[in-house]
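Trainee: I am new to this one. Could we walk through it together, one question at a time?

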Amino acid sequence: MPRYDVKAHCAEIASFGGSYSESLNQSCFEMEQVAYDGLKPGWDALPSAMRTHCDEIARFGESGSYSLLEACIQQEAKAASSPKSFKY
């Protein structure tokens with residue numbers, strides 16, 4: 001499981017737009033914790049390519065985000081199970 005700097009990530013989110021919001025910072029922390037807790041048990045069972053790809057996406061912005069990691073994994077899993085043909 002990757003290690004992200006959640007404190008830095010949430011501080012960046014909470015300060016976006018120029019003014020700091022403690023409630024936004026706390027919400028971010030809670031969201032990141034829920035995503036981390038949900039991903040951790042099944043992380044090793046995910047395909048290596050998916051883990052690497054989604055980790056790179058989640059590190060966008062340098063600090064990393066478990067919420068972004070979770071969203072990427074959900075989308076990749078959905079794409080893998082979807083039909084690959086165009087329907088007219």
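Trainee: Let me start with a single residue: does Asp-55 count as buried or exposed?
Mentor: Happy to help, and keep in mind that this is a predicted model. Asp-55 sits in helix H3, which covers residues 48-58. The cut-off for buried is under 20% relative accessible area. Asp-55 has 18% relative accessibility, so the word for Asp-55 is buried.

Trainee: Which residues does Asp-55 touch, not counting residues up to four places away in sequence?
Mentor: Contact here means heavy atoms within 4.5 Å. With residues up to four places away in sequence left out, the partners of Asp-55 are Pro-2, Tyr-4 and Leu-69.

Trainee: Which residues of H3 and H4 meet?
Mentor: Asp-55 belongs to this contact too. On the H3 side it is joined by Met-50, His-53, Cys-54, Ile-57 and Ala-58. Facing them in H4 are Leu-68, Leu-69, Cys-72, Ile-73, Glu-76 and Ala-77.

Trainee: How do the residues of the contact of H3 with H4 divide into nonpolar, polar and charged?
Mentor: Cys and Ala are among the types that count as nonpolar, while Asp and Glu count as charged. For the contact of H3 with H4, the division is 9 nonpolar, 1 polar and 2 charged.

Trainee: What is the orientation of H3 and H4 to each other?
Mentor: Their axes come within 8 Å and cross at roughly 140°. The crossing is right-handed. Angles over 145 degrees would count as roughly antiparallel. H3 and H4 are therefore oblique to each other.

Trainee: Where is Glu-76, and which residues does Glu-76 touch, not counting residues up to four places away in sequence?
Mentor: Glu-76 is part of helix H4. Its relative accessibility is 32%, so Glu-76 counts as partly exposed. Leaving out residues up to four places away in sequence, Glu-76 touches Met-50, His-53 and Cys-54.

Trainee: How many Å separate the C-alpha atoms of Glu-76 and Trp-43?
Mentor: Along the chain, these two are 33 residues apart. In space, their C-alpha atoms are separated by 14 Å.

Trainee: What is the orientation of H2 to H4?
Mentor: Helix H2 spans residues 22-39 and helix H4 spans residues 66-81. They pack at an angle of about 45°, with their axes 8 Å apart. That angle makes H2, relative to H4, oblique.

Trainee: Is the crossing of H2 and H4 left-handed or right-handed, and which residues meet there?
Mentor: H2 passes H4 in a left-handed crossing. From H2 come Met-31, Glu-32, Ala-35, Tyr-36 and Leu-39. From H4, the residues that meet them are Tyr-66, Ser-67, Leu-69, Glu-70 and Ile-73.

Trainee: How many aromatic pairs does the structure hold, and what kind is the pair of Tyr-4 and Tyr-66?
Mentor: The structure holds 2 aromatic pairs. In one of them, Tyr-4 and Tyr-66 lie 4.6 Å centre to centre, with 40° between the planes. Tyr-4 is in the segment before helix H1 (6-14) and Tyr-66 is in helix H4, 62 residues apart. The kind of pair is tilted.

Trainee: Does Tyr-66 count as buried or exposed?
Mentor: Its partner Tyr-4 has a relative accessible area of 9%, and that makes Tyr-4 buried. Tyr-66 has 5% relative accessibility and counts as buried.

Trainee: And what kind of pair do Tyr-36 and Tyr-66 form?
Mentor: Their ring centres are 5.0 Å apart and their planes stand at 75°, so the pair is edge-to-face. Tyr-36 lies in helix H2 and Tyr-66 in helix H4, so the pair ties together parts 30 residues apart in sequence. Tyr-4, Tyr-36 and Tyr-66 form one aromatic cluster. For the pair of Tyr-36 and Tyr-66, then, the name is edge-to-face.

Trainee: What about H1 and H2: what is their orientation to each other?
Mentor: The axes of H1 and H2 come within 8 Å and cross at roughly 140°. H1 passes H2 in a right-handed crossing. H1 and H2 are therefore, relative to each other, oblique.

Notes
Residues are numbered from 1 along each chain as its sequence is written. This is a predicted model: local features need pLDDT of at least 70, side-chain atom pairs count only at pLDDT 80 or more; totals for chains, interfaces and linings use all residues. Side-chain values use heavy atoms; hydrogens and water are left out. Axes are lines fitted to C-alpha atoms, for helices over the stretch in contact, and angles run from 0 to 180 degrees between N-to-C directions. Helices (H or I, at least four residues) and strands (E, at least two) are DSSP runs, numbered from the N terminus. Angles under 35 degrees count as roughly parallel, over 145 as roughly antiparallel, 65 to 115 as roughly perpendicular and the rest as oblique. A crossing is left-handed if the near helix is turned anticlockwise from the far one by less than a right angle, and right-handed if clockwise. Buried means under 20% relative accessible area, exposed over 50%, partly exposed in between (1.4 Å probe, protein chains only). Rings of Phe, Tyr and Trp (its six-membered ring) pair if their centres lie within 6.5 Å; planes under 30 degrees apart count as stacked, over 60 as edge-to-face and the rest as tilted.
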